[in-house]
Every structure is written in structure tokens, then in C-alpha cells.
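Here is a short note to help you find your way around. Have the structure open as you read, and take the points in order.

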Amino acid sequence: MNPAPDPAQVANLVTALAFFLGMAFGSVAQATRFCTMGAITDVMTYGNTDRLRALLMAIATAIVVTQFLIAFEVLDLSSSIYTVPRLLWASCLFGGLVFGGGMVLASGCTSKALIRAGSGNLKAVAVLLIAGFVGQMTLRGLLAGPRVNLLDALSMPLSVHQDLPSWIGSFIAISPRTIRMILGASIPAALLLWIARDRSFVRSRDFLGAIVIGLVVCGGWYVTARIGFIAEHPDNLEPAWVATNSHRPESLSFIAPLAFGMELLSLWSDANTRLTFGVAAAIGVLVGAFLSAWRRHDLRWETFPSVEDTANHFVGAAMMGFGGVTALGCTIGEGISGLSTLAANSMLAVAGIVAGAVLAVRYQMWRLDREIESP
């Protein structure tokens with residue numbers, strides 16, 4: 001009989017692997033300018049779809065690999081926060097809307113802020129601190145009550161898990177595994193058909209970088225759901241996913257880890273506060289972005305040029321802190337990690353994020369037109 005794994009050793013392995021996954025994400029995203037807000041603004045402002053294609057390629061990669069790993073029982077993500085049988089439609093839509101508007105005001109989402117901070121951008125450092133603080137308030141502080149009582153209270157309990165294969169399987173006489181394989185292949189294939197229409201993009205490094213980012217998200221699922229899973233934790237003889245803040249399988253997401261990272265720094269001597277997968281991955285993104293920027297000679301100090309720019313970033317950061325926690329994730333947490341599970345909550349959150357970003361960009365364009373027209 002194999003000896004029971006030591007939870008402390010497993011936790012150390014999980015956080016170490018999270019750090020290296022974060023490094024891979026940070027270095028690739030910095031080198032390829034991977035950014036959800038940038039994808040939206042490029043399309044709206046210039047009609048350029050390169051970064052949108054990169055985003056969709058990362059999503060397609062994450063979906064196909066994750067769904068087939070689940071179908072062949074390599075992964076079990078039924079306990080993740082994304083697939084629980086509860087539709088948080090109000091929280092995901094409203095939180096996503098607030099987050100999307102905030103990321104435009106703050107010049108990028110939390111993952112982009114981590115990448116910019118690693119490249120020497122002091123504005124991004126301020127964004128991260130404010131987003132993390134407001135995220136703490138939304139998780140367990142002043143804003144937690146309104147979030148739970150006003151938004152989460154509007155959720156709908158479901159009889160099955162909310163991921164599309166499970167939900168569709170409850171209506172038709174086809175096994176969820178077969179449905180999962182069909183959806184896991186057809187959805188990425190449809191995305192790839194549109195992506196491949198731009199041959200120059202397919203031949204670019206951005207295409208390969210997007211695939212790497214999608215695989216990094218899948219790696220996060222494998223690390224927490226497979227390597228970090230203990231069937232019988234010695235403390236309570238119950239299943240446990242060690243070194244995750246949700247105590248469930250996790251992959252990359254950067255709003256809640258910012259909040260937990262600030263808590264770790266402020267309560268460092270507390271034995272109950274420990275380094276987790278999400279916090280280690282966020283640190284890895286900073287390091288990976290720094291190394292990539294240093295290698296590419298992209299390191300440069302940048303700060304706020306005006307009071308208005310400062311106010312926009314502060315307000316945007318606060319909106320991201322509240323919206324990201326409320327929507328259960330950011331553009332990476334819901335937009336790639338969540339969508340890779342084909343969860344309905346994630347689809348609602350992404351719809352909210354895109355809508356919020358579009359509204360914010362249109363508002364900025366309207367203000368710019370007004371300034372140009374004014375004498």
C-alpha cells in the first residue's frame with residue numbers, strides 16, 4: 001500500500017508549479033501583448049482583430065484540452081466554483097459589467113496590470129493595490145454583505161451541474177461524456193475556422209503564444225485537481241484540494257488572489273495564512289513579465305501624467321476589485337479558466353465584461369469627440 005501523501009509537501013509542489021505556470025503566462029503575455037481589453041479596443045478603434053484572434057485561440061485551446069481531459073477522467077472539475085449547480089446570473093452579469101468598465105478606465109484588466117507592473121509601470125502597481133484592497137472588502141469586508149444579500153441572493157439552484165455537457169445531458173439520452181467530447185471539439189473548431197481566415201496571424205508568434213496561454217490554464221487545472229488532490233486528508237479523512245483558497249480545483253485567476261496575497265502579507269506570522277496556488281501564480285506572472293521585458297528591452301518607468309488619469313485608474317481599479325470578486329473571476333479567471341469548463345456562469349460573466357468594456361470605450365470616444373469639438 002502506498003503511504004498517504006504529506007499535505008505540506010503536496011502544497012509546496014502545487015505552489016511551486018503555480019509559480020512556473022504564472023511565469024510562463026507572464027512572459028508570453030508580455031511578449032505578445034496579450035490583453036482582453038486591448039482586443040476589444042483594437043476592434044472598436046482600429047478594426048484590428050489580431051488580439052481578438054489571440055484571445056479566442058487561447059480560449060479554444062483551453063476548452064478542447066480541458067474538456068477532453070474531463071471526458072477521459074483525467075480531471076474532475078465538478079467541485080470547482082465554476083460548475084457548481086447554482087446559476088449566479090445577477091452576480092456574474094452585474095459583476096462582469098462593472099469589471100469590464102473598470103478595466104477600460106484602468107488601462108487593462110488585472111492580468112495586464114500584473115504584466116505592466118513587472119515591466120516597470122507604477123500606474124499598474126497602484127491599480128493592483130487598490131483592486132486587491134477592494135477585492136478584500138468584497139470577499140469578506142464592507143462590500144460582502146451587499147454582494148451576498150443583493151446579488152448572490154438572486155441565484156437559481158439547478159438540479160445538475162451548470163456546465164453545458166451536464167446540463168444538456170439532463171435533457172437528451174446521450175451520455176455527458178459524449179456531449180462533452182462533441183462540444184469540446186466543435187466549439188474550438190468553429191472558433192478556429194474564423195481565426196484561420198487571417199493567414200498572417202496563424203503564422204505569427206501571437207498565434208503560438210495564445211496556444212501556450214490556453215495550455216497554461218489547462219496546466220493550472222491539472223496541478224490543482226490532480227496533483228493537489230488528496231482523497232483522504234489526514235486531518236479529517238475527507239477529499240481535499242490543497243493550497244487553493246477556494247479549497248476546490250482552481251486555475252488562473254487574478255482578482256481574488258490579489259486580495260488573498262495582500263492578506264498573506266499583512267498576516268504573514270499567522271499559521272493559518274499560507275501561500276496558495278493563485279497567489280503563487282500571480283507572483284509568477286510578475287516575474288515572468290519582468291524577465292520578458294528585460295530580455296526585450298521593454299523595461300521602463302511610467303507614472304500618472306495627470307490628475308484625471310490618476311482618478312480614472314483609481315476608480316477603474318476599485319471597479320475591477322468589486323466586479324471581479326462578484327463575477328467569480330476576471331478576464332482570465334472567467335474568460336479562459338471558467339469558459340474552459342463550459343460553465344453558464346462564466347458565459348454570463350464574459351458577456352457582462354464585454355458589455356461593460358464596450359460601454360466604457362464608447363464613453364471615452366464620446367468624451368474625446370466632445371473635447372475636439374469644443375473651442
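1. Start with Glu73, which sits in the loop between α3 (50-71) and β1 (86-87). Please keep in mind that this is a predicted model. Glu73 is exposed, its relative accessible area being 67%.

2. Now look at the backbone there. Most residues other than glycine have a negative phi. Glu73 is not a glycine, yet its phi is positive, near 60°.

3. Is Ala243, another residue worth a visit, buried or exposed? Ala243 lies in the loop between β4 (240-241) and α12 (255-266), and its phi is positive too, about 65°, although it is not a glycine. With a relative accessibility of 16%, Ala243 counts as buried, because the cut-off for that word is under 20%.

4. You may also wonder about the cysteines. How many disulfides does a search of the whole structure find? The result is zero.

5. Why is Cys92 without a bond to Cys330? The closest cysteine sulfur to that of Cys92 is in Cys330, and the 13 Å between them is too far for a bond. A disulfide would need the two sulfur atoms within 2.5 Å. Cys92 is buried, at 0% relative accessibility.

6. Cys330 has a neighbour to check as well. Its nearest cysteine sulfur belongs to Cys109, 6.2 Å away, and Cys330 is in no disulfide. Cys330 is buried, with a relative accessible area of 0%.

Notes:
Residues numbered from 1 in each chain as written. Predicted model: local features only at pLDDT ≥ 70, side-chain atom pairs only at ≥ 80, totals over all residues. Heavy atoms only, no water. Buried < 20%, exposed > 50% of the residue type's maximum accessible area, 1.4 Å probe, protein only. Helix = DSSP H or I, 4+ residues; strand = E, 2+ residues; numbered from the N terminus.
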